[in-house]
Structure formats: C-alpha cells, structure tokens
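Let's get to know this structure together, one question at a time. Have a look at it first.

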Amino acid sequence: NRYISIKHPINGAPEESDFEIKSESLSPLPADSMKKKKEVIVKNLYVSIDPYQLNRMKSHSPSQSAINFASPVTIGQTIDAYGVGRVIASGNPAFEKGDLVAGLLCWGEYTVVKEGGLLNKLDPMGFPLSYHVGVLAFSGLTAYAGFFEVCKPKKGEKVFVSAASGSVGSLVGQYAKLFGCYVVGSAGTQQKVDLLKGKLGFDDAFNYKEETDLKAALKRYFPEGIDIYFDNVGGEMQEAAVANMNTFGRVAVCGVISEYTKKNKPSAPDMLDIVYKRITFQGFLAADYMKIYNNFISKTVEYLRDGKIQALEDILYGLETIPSAFLGLFLGGNVGKKMVKIAED
Ligand code: NDP
C-alpha cells in the first residue's frame, strides 16, 4: 500500500482527498529483473512528513529539479519521501537483505528503489531510528548549515527564529544558544512558547498568533535590533523582522510556509530598508551543503550524547495517518519533527 497524488491541492491548502492509497502485490519478488535493474526493495519503517511536499503537489509546482526529491509530483504518482527502512530483497550488489538503510523512500509500506536512487546503509550509532529521519538527517543539516554557513553568526549576536518549535527551528535555536547567541523564537501556541523557554533554553519566545502588530512585538523582544533572522515562515513575519534588523543583518530564507497555502501575493519587506541597512538575504537548500555533512553529524552526535540538544519528535503511527500528519504541518499541529512510523523493525 502506498499513497499517490490524485489531485492538485486547490485553494492553496492540502486536503485529505488529494491522496489515495494504491495497492500492488510485491510477491513473488522478480529476482532476475531486480538484478538486471539493480533494484532494492525496502520495507519502510519511518517516513518523513515535510512542508515542501505541498509545493511539489501544486499544479503550478515551481521547477526545483536541481534536487531530485523536490521535483513536481504528477497525478497518479507515488509520493516519495525521505525515510528509514530495512532491505527485504536486493538486486543491487551494494545492498543485502537485512541492511538498515536511509534514503528516498515513499509514503507507503514498501519502496522499490531503482539504481541511482538516494539510498545509503545506515549505522544508527546507538540512537533511535527516528533520529535518522529528523535531527541526524535533513532537518538537522538544514538547521546546522543554515545557521552556521548562511547566517555566519558571531558570538553575542541577536537571533530571531520563526516556526521555532518545529523540526528545523527548534534545532536552529539550540545551535545558536550553544554558539553563544541571544535567541528568541516565535511559535503558534502558549505550550510551544513554554517549551522553547523551558526545555530548549531559548532566551525568550512569543506566540505570534496573539500579537496584533508583529513589528511592535519584535521591537519589544529586540530593543537593540535583530542581527540574524532564520526565516521559516516568510510573509508578514519576514516583513516585520526586516523592519527590526540592524545594519549588516543577515536573513537566511529557509522556507516560507505561511505562503505555501496562500493564493494572494504575500506581504514583502521594505526594499529601501534592505538597501540602507545593507541586509543580506540568502535562500538556501540543505542539499547544497553535503560537503559539511560529516562535520554536522559529528558535532550533532556529540551534542546529543552530552545532552546539550534535545531532539523534538512528533510521531504518528500507521500508513493511514500520513494525510492528516501532512495537513497538520500547515495548521501548527506538530511539535518538532513530524514523521510517521509505518512498521516495527
Ligand atoms: P516544522 O516542523 O517547522 O512544521 C511547520 C510549522 O510551521 C508548524 O508546526 C507551524 O508552527 C508553522 N506554520 C505553519 N503554518 C504557518 C503560518 N501560516 N505562519 C507561521 N507559521 C506557520 O517544519 P520543518 O521544520 O520541516 O520546516 C520549516 C521550514 O523550513 C518550512 O518552511 C520548510 O519548507 C523549510 N525547509 C527548508 C529546507 C531547505 O533546505 N531550505 C529543508 C527543510 C525545511 P506554529 O504553531 O509555530 O505556527
């Protein structure tokens, strides 16, 4: 069983009816043709639920073919997604039955990974398998590369992170605190705010849904201005952050989730402000930073082992929970890395 896309999201936001389960028999396994095609069959254990999937599903999906897992999803196509699984059959000499693997799987029970597909053997290093979908996978790399490589922080700088209780944001804030910055996060509920200030050690946090004037709110939290804005949401928050930025501030545009479900043109920052304050804006993709992957893993493993960072996870159980898990991302339903556990190992 696996989820396919049956219609493009209309009105911007996704709906459960955009997906349908398709069933197909995998047995008997075609051993000869698998060998010829160097295919690997993986039993999916955990699959990642990510906001970027929505942009792939839209009828006017932007061309993002620079990275294969962000290419548009066509109607009837199985939705591929990062995940962790166990090899149950292999026609590829690089993998054996029983290998634990991580790579581009799908929102389904099994994945047939073709030759050249993103798949690597996985050493769990003593961590739960779920960590290899979140903190030790792309969410972690996005936070690490985005903060250190794109934001180019200096100790003591003032950092603002939006969607701060989410998968990427919660890690950005923790890396920034460990590095020696002053960190404030925004999130959509009081519980999330309490979590940021308590368990995650942010200097401060606020519920953006309770603020009528975001510019004024940020002025309150950053009376001396913002040096770095790690932007996960775009739209009005980006506009308000730029209005509060210091000269030579940096904005790392990681994602603009508030705009993914909007039909109308979002509000934009004041360009003249950007000119006069000499602000650097940089969009980035974690996939561009594989060169620092080893450094990211060794540092993050060390921080996890020393209890210096917390991996927030939000796990649903069972294939059928995938659509609601996905819809929940756009409603603030998750705390930390959203994923679905498909099966026991
Ligand atoms: P999260 O775990 O942060 O989940 C999404 C969160 O976004 C929700 O929990 C919600 O939290 C918040 N949100 C949803 N809608 C809105 C809205 N309209 N306005 C403000 N906040 C909203 O997801 P990820 O950590 O996986 O992704 C965070 C961002 O990073 C996304 O924009 C994503 O596209 C991007 N990304 C970019 C990558 C890259 O390589 N550049 C890689 C991975 C992710 P709340 O309750 O606070 O509203």
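**A walk through the strands, core and ligand shell**

Q: How many of the residues in strand β4 are buried?
A: This is a predicted model, where local features need pLDDT of at least 70, side-chain atom pairs count only at pLDDT 80 or more, and totals for chains, interfaces and linings use all residues. Residues are numbered from 1 along each chain as its sequence is written. Strand β4 (a strand is a DSSP run of E, at least two residues, numbered from the N terminus) covers residues 80–90. A residue is buried if 20 or more other C-beta atoms, placed from the backbone, lie within 10 Å of its own, and in β4 the number is 9 of 11.

Q: Which residue in β5 is the bridge partner of D80?
A: Two strands pair if DSSP finds at least two bridges between them. β4 and strand β5 (residues 100–106) run antiparallel and are joined by 7 bridges. The partner of D80 in β5 is C106.

Q: Which residue in β4 stands opposite V42?
A: Strand β3 (residues 40–48) pairs with β4 in the antiparallel sense, over 7 bridges. Opposite V42 in β4 stands V87.

Q: How many charged residues does the shell around the ligand have?
A: The ligand is surrounded by 31 residues, the closest being G166, S167, G188, G255 and G332. Here a residue is near a molecule if its C-beta atom, placed from the backbone, lies within 6 Å of it. Asp, Glu, Lys and Arg count as charged; Ala, Val, Leu, Ile, Met, Phe, Trp, Tyr, Cys and Pro as nonpolar; and the others, Gly among them, as polar. By class, the shell has 15 nonpolar and 13 polar residues, and the charged ones number 3.

Technical notes. Buried ≥ 20, exposed ≤ 12 C-beta atoms within 10 Å, placed from the backbone. Helix = DSSP H or I, 4+ residues; strand = E, 2+ residues; numbered from the N terminus.
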